[in-house]
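Good morning, everyone, and thank you for making the time. I would like to walk you through one structure, beginning with the chain as a whole and then stopping at a few individual residues.

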Amino acid sequence: MMLKLLIHVLFSVTVSAGVEIDPNGYILYCPCMGRFGNQADHFLGSLAFAKALNRTLALPPWVEYRFGEPKSVQVPFSHYFELEPLLKFHRVVTMEEFMENIAPKVWPPEKRTAFCYMARGQGTDCNAKEGNPFGPFWDTFNIDFVQSEFYGPLNYDVHHQDMARKWNSRYPSQKSPVLAFTGAPASFPVQLENKDLQKFLVWTPRIVNRAIDFIRNVLPIGAFIGIHLRNGVDWTRACEHLEHSPNLFSAPQCLGYRNEFGIASQDMCFPTPDAIAKQVKLAVKEYHAKSVFVSSDNDHLIPFLTKALKRMEVTVHKLANPEPHVDLAILGRANYFIGNCISSFTAFAKRERDANGLPSGFWGFPSNKASATKQKHEEL
């Protein structure tokens, strides 16, 4: 009898009808801010949050917005990333697996509470399903909430203020087995302490094989430079806010979280074609590159760059049918990468390359003025 009791205590999960139930509870959330780059930033923070609270993280599908679709489309997490590497860091389960096999046992429909910091939208509750993508996301799993819980003044910074203990004290898993958040329990951009978790995000063979196939069969033999260009109309408008938001979006990745390395400029946010060509030429020379791969949300500048690099006998390429995730996998394998410091899409590529010890740079950073100042100090 004592042996049976000991075995029960030693196990960290309870097995119920063939399904492992985590007695420490679960975390769910809607990745409802921005597109892939933003969602990836939030994911890393949510993963750290789940580990700190020692709850299993239900991996949400990626929210995508496709032309002609009136509502967001939810793509399973495992469509792009492997689960095994994540399990080396912490316990995770796909949202699909959670809803099918675990939710019926720990989260019945009549006990589904939405967690938010304060009332959202009209009314006095979380309104977890109000608007797109919030409604379509939860509807994908036929989830409706019966009540709301305001968790303020708690926050997601589990690296300070003993925050994880405060969460577990206020919401013990025995009373709140599932914490379902209206948005990601994480900050944007990704918190400095969570950047290294990128190494646990590993592309699926489908993505990797497409990237390798392109590199081997389309690009000429030899080193190549990968670049990311943000130049759509929406980005032009975003760059107009730099004057009042010196750490806009993912700017901390090059400027530092306290702007200790400078402030954002138009040259960094929306470099001119000539500035791009100049920086690419320098990279081509340094790495003896034979080609350049371009990823862009709008204009890849293929004709312009092809002409600019003609004398160097360097070819310029893009995917025939661009897919952002394959683009990122290719950028992650370039001999050198130049991206947009303000962009979270660039931030993903930069973190992946950092995890693999590969070099990267940014458009217009450091500025010529900053470079001259640095050189002067070094001479002194």
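What follows is a short tour, from the overall fold down to single side chains.

Please keep in mind throughout that this is a predicted model. The chain carries 15 helices and 15 strands. Its radius of gyration is 23 Å, close to the 21 Å that the globule rule gives for 380 residues, so the chain is as compact as a globular protein of that length. If we take the principal axes, the C-alpha atoms fill a box of roughly 80 × 50 × 45 Å.

How much of the chain counts as buried? The figure is 49% of the 380 residues, while the accessible surface amounts to about 19,500 Å², with 54% of that area belonging to carbon and sulfur atoms. As for how the chain meets itself, if we consider contacts between residues at least 6 apart in sequence, 73% of them join residues at least 24 apart. On the charges, there are 40 positive and 37 negative ones, and their mean positions lie 3 Å apart.

Let me turn now to individual residues, beginning with two that sit in regular secondary structure. His 42 belongs to helix α2, which covers residues 36–53, and with a relative accessible area of 8% it falls under the 20% cut-off, so it counts as buried. Apart from its neighbours within four places in sequence, His 42 contacts Tyr 29 and Met 33, and also Ala 184, Ala 186, Ser 187 and Phe 188.

Glu 64 lies in strand β5, residues 62–64. Is this acidic side chain buried or exposed? Glu 64 is buried, at a relative accessible area of 15%, and its side chain makes a polar contact of 2.5 Å with the side chain of Tyr 80. Tyr 80 also appears among the residues that Glu 64 touches beyond four places in sequence, together with Ser 72, Val 73, Val 75 and His 325.

The remaining three residues are in loops, and I will take them in sequence order. Ala 119 is in the loop that runs between β8 (113–116) and α5 (134–139), and at 34% relative accessibility it is partly exposed. Beyond its sequence neighbours up to four places away, Ala 119 touches Thr 124, Asp 125 and Phe 150; the last of these is 31 residues away in sequence, yet the two C-alpha atoms are 7.4 Å apart.

Phe 249, in the loop between α8 (233–239) and α9 (252–255), is likewise partly exposed, with a relative accessibility of 34%. Which residues does Phe 249 contact, once neighbours within four places are left aside? They are Phe 188, Pro 189, Trp 235, Ala 238 and Ile 342, and you may recall that Phe 188 was also in the contact list of His 42. By contrast, Glu 286 is 37 residues from Phe 249 in sequence, and their C-alpha atoms are separated by 30 Å.

Finally, Asn 335 sits in the loop between α13 (324–331) and β14 (336–339), where it is partly exposed, with a relative accessible area of 34%. A polar atom of the Asn 335 side chain lies 2.9 Å from the backbone nitrogen of Phe 224. Phe 224 is one of the residues that Asn 335 touches outside its sequence neighbourhood of four places, the others being Ala 223, Tyr 287, Arg 353 and Pro 359. Asn 194, which is 141 residues from Asn 335 in sequence, is 25 Å from it between C-alpha atoms.

How values were computed: Residues are numbered from 1 along each chain as its sequence is written. This is a predicted model: local features need pLDDT of at least 70, side-chain atom pairs count only at pLDDT 80 or more; totals for chains, interfaces and linings use all residues. Side-chain values use heavy atoms; hydrogens and water are left out. Helices (H or I, at least four residues) and strands (E, at least two) are DSSP runs, numbered from the N terminus. The radius of gyration is taken over C-alpha atoms; the globule rule is 2.2 Å times the number of residues to the power 0.38. Buried means under 20% relative accessible area, exposed over 50%, partly exposed in between (1.4 Å probe, protein chains only). Contact means heavy atoms within 4.5 Å. Accessible areas come from the Shrake-Rupley method with a 1.4 Å probe; for residues, only the protein chains shown count as cover. Lys and Arg count as positive and Asp and Glu as negative; His and the chain ends are not counted. The place of a charge is taken as NZ of Lys, CZ of Arg, CG of Asp or CD of Glu. A polar contact is a pair of N or O atoms within 3.5 Å; within protein, one must be able to donate a hydrogen and the other to accept it, and residues adjacent in sequence count only if both atoms are side-chain atoms.
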